[in-house]
Amino acid sequence: MIAAAVMERPYGERGGRVALASKKLSASEIGKHAFIWLILFFSFFPLYVMLNISFKTNAQFNLNPLNFVFPLHFENWAIAWNLVKDYIFNTVFVAMSAVALTFCFTIPAAFFFARYKAPGSTALWYFFLILMLMPGVANLIPLFMVMKNLHLLNSLFALIILGIAGAQVVQIYILRNFIEEIPKDLFDAAEIDGAGPIRQIINIVIPMSGSIVSTLAILQFIGVWNDFIMPMVLIRDDKLLTLAAGLVKLDGEYVKLWGQMMAGYTISSIPLVLIFVFTMRLFVKGLSSGAVKG
Amino acid sequence: MDDREKRPWGAYLGFGLVVISYIAALTNVFRTGQEQTWTNKKVIRICHWQLETGFREAFDWVIGEYEKIHPDVKVIQLAIPDKAYQQYIVTQFVGRTAPDIIEAGQLANSSEATNSTIARYFYGLSELVYQPNPYNDGNELKGVPWIHTFKHDLEWNWDAANLDYYTIGITGISRRLVYNKTLLKKITGRDVPPSNFRAFLDMCKQVKKYSDSTGQQVYALAAAKYQYEDIVEKLRTSLTVPHGRDTIDRNMDAQGDPGIEPFFGWLEGRFKLDDDRARISNEPARELLPYVEPGFMAKDRQDAAFSFSQKKALMILTASWDMNSMVVQARASGFELGVMEFPIPDGNDPKYGKYAEGVSGEYKDFNMPFGVCKLSRHADVAIDFLRFYSSKEIAEGFCERCGWMCAIRGTKDVDFIEGFEPTYVGYSFLGNPWIIGNETYTLKEQLKWDFYMGKISFDEFVKRYVNQLIPLGAKDLNYNTALYKNGLVPSGQALSSLALRLRYAADEKERDHLRFRLTNAAESYASYWTNLQTTVYQLLMIMNIDNERTRALKKELQYRMFIDQFVNAQEKPRGPNP
Amino acid sequence: MIARKISVQRLPAYWYIYFLALPSVVAVSLFAYFPAASGMYHAFFRWNGDYINEFISFTNFSEAVHDPILWYGFGVIALLVAFNIVKMIPSIITAIVINRLKSEKSAYFYKVLFVVPMIIPGMVTLLIWKFFYDPNAGLFNMLLKGTGVLPLMCKVDSFFHWGIFINGVNPIWLGDANLVLPSVIFWGFPWVGVVGVLIYLAGLQNIEKSIYEAADLDGITSFKKLWYIELPLILSQVRINLVMMIIGTLQDYGLFLVLFGKEGGPNGKAMVPGLYMYVNAFVQQRAGYACAIGILLFLFILILTELNNRFVRIDK
């Protein structure tokens, strides 16, 4: 890294003087790198601890909290997997279903707002916009009642529905901005060809919106993954709990076997890690573009 | 350029992963869903908060045995962490998704709300408990009515407010002092700590001296927040018995209907919160305070147990449900355990002898009661399971596996739990004079730690409490009134018998008819709740007394509503006789 | 793009387009508007969530306004907001430092690394920190004892007579009334929220490198560079993050629920309004009162957001 910094060609237009300046490794550069490494160290420390403890028994941990100790106890992971697998599968099911279904709702709605200015659409738009300001904190109890009246208590569908409803407003807002960017001519041409709105969406909007959709999808996925209050309140059976609520429940044990719990935490993080490995660039790009707009 | 070239296989791999994981998740959810519904089996669920070592495994054994005999039944155990139990149960009741068998504790903060919840959601078992338990046919308890197969004849489970048996508990609990025999011998040379309070304090002093002199830090007593409260209560009750016996207990049921009766007594001026007895009843705990491990009010019970097992403390007041894990930990740490009663001041004590009245009987203590929920669809299966659970062999096997005391006659307990045998004889549990409902509960919780720690004096504590007592007490009374108005009755014999008849109804027509009658009976009996009558009567009497406290209370109380309700109740026609 | 205008006359030909938005409208009405309305309705009742539903008009609100626990909670939140503002600084500084790196490759490398802590689920981070704070097995106390900081703190304590750090006793970070708030404030060290860093970086990318070089040549100090070049450009993002942070701090109580349980910690020291609302609704069965608290919270947030929009302006 440091060598690269020294040898890299500056992308400034001026060649000579700047090139000279970047050849040495100045003190301030080292300072910057050091600062970043310090921050990174503290950020990663909890993760290191998590991994570390997941291989230990309680006794090993008491003797040697921070170092790696052999033998490594892989059975912690097996036990943790048993404890956590139902939660993970439930959460994967809920999150993926919610994400997939949400776009079926939000893309048409955003298209409606972006493309047409029909009577009443302004009112409807404000209908959605106000919700962005409304904090949902007071909704918990009535939402519980709504679910009770729909007979959806203690089921994963309730969580899916809540995931869908919760993400509507933000997604419609961002998607609308995005669709407005698409040149009008494309749509007009399609309409002349006789394509209805649905066709237009499928043929024009969806192919172009890859990055923004994936960013939104990932954000929503993470939101559903981390939600724990609604699952805790709505779900009765242990087998139906989602991940965050399940981890809280595991934390309620009296005698804590830290090795297994840490292994459980690590296993719980793996799905998100996998997602990010594959969508890293898309996500960073989408975040930047979306953020600058917003 | 690079991105687009790279994208195909990376994206496909990612997408494939997504699809595979979704299918895996779907399969798992579907499989779990199948297990849950078990369309050909009857499923009953049991929930409790006993996450102690060995409990869930012992319960799994019971479930396994039951399912062997009844292959058409599936029993699921739901273990909820203690801290989340109250929220869980409240939510399940409100959502009408409650499990079939529920451990009936931590239902609400105030006793009125608890009584109301029990009356509303649990079946009364009075008719059933007098029938013999068919699962006892193979032993000497054959033909004995279910109620008498318990050592305590279900006295622990009699609900005096609702006048019925709603729960069955097969274990007893008690709290005893557990001590580290090895360490005790080393420090003091004794085998057993003294059972005289003064001598006990001296021994604690000795431990402290030892700790200071050798530099090896050992405290006499380890405690956690709620264990310390137990100690305070034990010491306090023995000194304040006459309050209940002579002053507060208006309705002569040997209980200070927690909060209400002391509150009315206080309003009248008959009961003082700060008389000599009350003052001195907190002294023994104060004397003990220097010898308790510091920082205890922030601790959880597992932290206290940890200190004890690490030999940092000599003794710990523990309840029988924790004994199993204590034994395991002691074995791991390599010392011997001993069990004894917590020493309380007796009549010969120089300071407290004048006030000491004796031990309190441990018959009203919570004992892991399981009740059957009215919302259950298989109540008969649930009752059958409870019968199975409380049959002699199964109960004995269960208690053996989890190390708890067994309350079924003729069973033998595990050796280490024998010291915990509850004392049946003693004074009744007075009830907490400081708590009327949610508000006063919160008030007391806020004030008590400063007081226990000695940061504020007793007078200061009482003063601060009394300052807020009338407004908060009125709020609680208002809420209780709302409960009475909307609650179901526990003149519950009638309701329970109707409910039972409903369960065993012959056909749908009879079921409909019984449901109709049940609802009517519930509504019309709503005004005849015994506690309501007692409370209202007492309150009417209080309101007739004119002193500054009652005047203040009249302002805060929704007085009219309360009295109107009672007057209306008198005029309402009595409901149909069942 | 100019949206196609459809006047009322041409509507019959295009009536079906409303169906595009219909599912969203239904979902949002049922699960966002209706609960809000229902909450407002029930705030005027003594409602226990179940069978008690008596109209008591403004009693819940007057009780809430006089409730010392609720106002204590708002005090805690005010404290947390103040500290959270301070906690936004490390993200900004980190973004600026990364941006100022001469090597683009290492900047990208660091960007990737910073994303990693973000993808750990929030609950896992929360529980790991809870483990850190555990008095017996937690790393915090182990580190403090191992590095000798703890005896030092005991000495300082005995000097100031705080009574918190006692010799030989492990400080109970989440159980001691005096340590609760410091523990909550310290939580999340080093407070580098990844989303914040990435967003600031995105804004900072817009600064041309040539400006830096010119500044270097003119000999402007680092600090002036910060003040005149970088901060103005990321100010809009900072403002957005500030608003979101305030809204989040005001209404989030998940952290408190997990760390402290339903009592809100020892003596209720960590009873933030959101948690108080939850406890009232689901533990004490005073759902009407909880709705009233929720409405008060909502009003607070609304007012604060409005104030923020008016007074914190960005001059481009």
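This passage describes the contacts of chain A with chains B and C, and the fold of chain B, in a predicted model.

Chain A touches both of the other chains considered here. In the contact between chains A and C, chain A supplies 83 residues and chain C supplies 86 residues. On the side of chain A that touches chain C, 64 residues are nonpolar, eleven are polar and eight are charged.

The contact between chains A and B involves 24 residues of chain A and 28 residues of chain B. Two elements of chain A, helix H5 (75-115) and helix H14 (258-293), give two or more residues each to the side that touches chain B. Of these, H5(A) provides six residues, the largest share of that side. The composition of the side of chain A that touches chain B is eleven nonpolar, four polar and nine charged residues.

Chain B contains 23 helices and 13 strands. Of its 578 residues, 46% are buried. Contacts within chain B between residues at least 6 apart in sequence were also examined, and 76% of them join residues at least 24 apart.

Four strands of chain B form an open sheet with mixed pairing, in the order E9-E10-E8-E11. The edges are occupied by strand E9 (219-222) and strand E11 (337-340) of chain B; each has a single partner strand, so one side of each lacks a neighbour in the sheet. From one strand to the next, the twist averages 25 degrees.

Within this sheet, strand E8 (residues 175-180) of chain B pairs with E11(B) in the antiparallel sense, over four bridges. Tyr179(B) has Gly338(B), in E11(B), as its bridge partner.

Helix H6 (residues 181-188) of chain B packs on the sheet and touches E8, strand E10 (313-319) and E11 of chain B. The direction of H6(B) makes about 60 degrees with that of E8(B). Helix H14 (residues 323-333) of chain B also lies across E8, E10 and E11 of chain B. Relative to E11(B), H14(B) runs at about 150 degrees. The H14 of chain B, residues 323-333, is to be distinguished from the H14 of chain A, residues 258-293, which contributes to the side of chain A that touches chain B.

Terms used: Residues numbered from 1 in each chain as written. Chains lettered and ligands numbered in written order. Predicted model: local features only at pLDDT ≥ 70, side-chain atom pairs only at ≥ 80, totals over all residues. Contact = placed C-beta atoms within 7 Å. Nonpolar A, V, L, I, M, F, W, Y, C, P; charged D, E, K, R; others polar. Buried ≥ 20, exposed ≤ 12 C-beta atoms within 10 Å, placed from the backbone. Pairing = 2+ DSSP bridges. Axes fitted to C-alpha atoms, helices over the stretch in contact; angles between N-to-C directions.
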